[in-house]
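I am opening a notebook on this structure and will write down what I look up, entry by entry.

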Amino acid sequence: MIEELLRARTNGTLTRIAALVARTGATPNTLTLLGFFGMAVAGVLCAGGSFFFAGLAVAASCAFDALDGALARVTGAGSVFGAFFDSFLDRYAEAAVYAGLIVYYAGTGTAWGVEAAFAAAVGSLMVSYARARAEGLGVECRAGLFARPERIAVVIVGLLTGLVLPALVVLAVATNATAARRLLCVRGATLLSSRPPRSP
């Protein structure tokens, strides 16, 4: 997955940047909020059809999203609430971009654009929900290809290149396929754990 690859290659750089940010007195939650506001701005830009600048806003917000965890590690300011707050705002942040796209395509009368954006939004939320709910039940669930980093990468590429509709179609299909894959993953894990032991 992109997340593990990026973490392995950028961990040292992020740590160094986070150490500099720590000198400003900023907290991890502050960076989380800045990342969310960046995505909210991107949603407004999407609604107005300014896709390229929306892509830049999404990319910028990703920097804050990557740094909040690194800052928490560097300063020792990590907390259970901070982790929850980050995940909580991540869902709203993604929804803001999709909402902006739905508004744009509804305004231009592009029905299938609205449908693709809505399907992508639902699929994205279900991918994250499936993992969170599974882990709440004690089941590790990271199956499938389209976790948040992959989704954001497709969104950025689509917005910066102007290929927004193709990107939404990819996301609509891939996110819901990933959600279904996680459903099957949890089903398999729970079936194995619920089977009675064989008689000797």
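Entry 1, the chain as a whole. Before counting anything I fix one term: two residues are in contact when heavy atoms of theirs lie within 4.5 Å. With that in hand I looked at contacts between residues at least 6 apart in sequence, and found that 81% of them join residues at least 24 apart. I note here that the model is a predicted one. I then asked how many helices and strands the chain has. The chain holds 7 helices and 0 strands, and its pattern, read along the sequence, is α-α-α-α-α-α-α. Of the 200 residues in the chain, 36% are buried. The accessible surface of the chain comes to about 11,000 Å², and carbon and sulfur atoms account for 69% of that surface.

Entry 2, helix 3. I looked up where this helix runs and found residues 51–75, which makes 25 residues. From its first C-alpha to its last, helix 3 reaches 36 Å, close to the 36 Å expected at 1.5 Å a residue. I also looked for a bend, and there is a kink of about 25° in helix 3, centred on L67. L67 is itself listed with the buried residues of the helix, which also include F51, A54, G55, A57, V58, S61, D68, A70, L71 and A72. After helix 3 comes G76, and the phi of G76 is positive, near 70°.

Entry 3, two residues of helix 3. I began with D68, which sits in helix 3, and asked which side chain of opposite charge is nearest to D68. That side chain is R73, 7.5 Å away, and D68 is buried yet has no salt bridge. The cut-off I need for this reading is 4 Å between a side-chain nitrogen and a carboxyl oxygen. Setting aside neighbours within four places in sequence, I find D68 in contact with P28, L31, T32 and D86. I turned next to F64, also placed in helix 3, and asked whether F64 is buried or exposed. The reply lies in between, because F64 has a relative accessible area of 29% and counts as partly exposed. Beyond its neighbours within four places in sequence, F64 is in contact with L31, L34 and G35. I also checked F64 against P28, which is 36 residues away along the chain, and their C-alpha atoms are separated by 9.1 Å.

Entry 4, salt bridges. Side chains of opposite charge can pair when their charged atoms come close. I searched the whole structure and found 7 salt bridges. One of them joins the side chains of D90 and R148, at 3.6 Å from N to O. This pair links distant parts of the chain, since D90 belongs to helix 4 (residues 80–107) and R148 to helix 6 (residues 148–161), 58 residues apart. R148 also forms a salt bridge with E94, where the closest N and O atoms are 3.8 Å apart. That pair too links distant parts of the chain, with R148 in helix 6 and E94 in helix 4, 54 residues apart.

I then looked up how covered these partners are. D90 is buried because its relative accessible area is 11%, R148 counts as buried at 14% relative accessibility, and E94 counts as buried at 4%. A network of salt bridges links D65, D90, R91, E94, R148 and R151.

For contrast I looked at E140 and R142, whose side chains meet in a salt bridge at 3.3 Å, N to O. E140 counts as exposed at 52% relative accessibility, whereas R142 is partly exposed, with a relative accessible area of 34%.

Entry 5, helix 6. As R148 had led me to this helix, I looked up its span. Helix 6 has 14 residues and reaches 20 Å from its first C-alpha to its last, close to the 20 Å expected at 1.5 Å a residue. The buried residues in helix 6 are R148, E150, R151, I152, V155, I156, G158 and L159. What follows helix 6 is G162, with a positive phi near 85°.

Notes: Residues are numbered from 1 along each chain as its sequence is written. This is a predicted model: local features need pLDDT of at least 70, side-chain atom pairs count only at pLDDT 80 or more; totals for chains, interfaces and linings use all residues. Side-chain values use heavy atoms; hydrogens and water are left out. Helices (H or I, at least four residues) and strands (E, at least two) are DSSP runs, numbered from the N terminus. The expected span of a helix is 1.5 Å times one less than its number of residues. The bend at a residue is the angle between axes fitted to the seven residues ending there and the seven starting there. Buried means under 20% relative accessible area, exposed over 50%, partly exposed in between (1.4 Å probe, protein chains only). Accessible areas come from the Shrake-Rupley method with a 1.4 Å probe; for residues, only the protein chains shown count as cover. Lys and Arg count as positive and Asp and Glu as negative; His and the chain ends are not counted.
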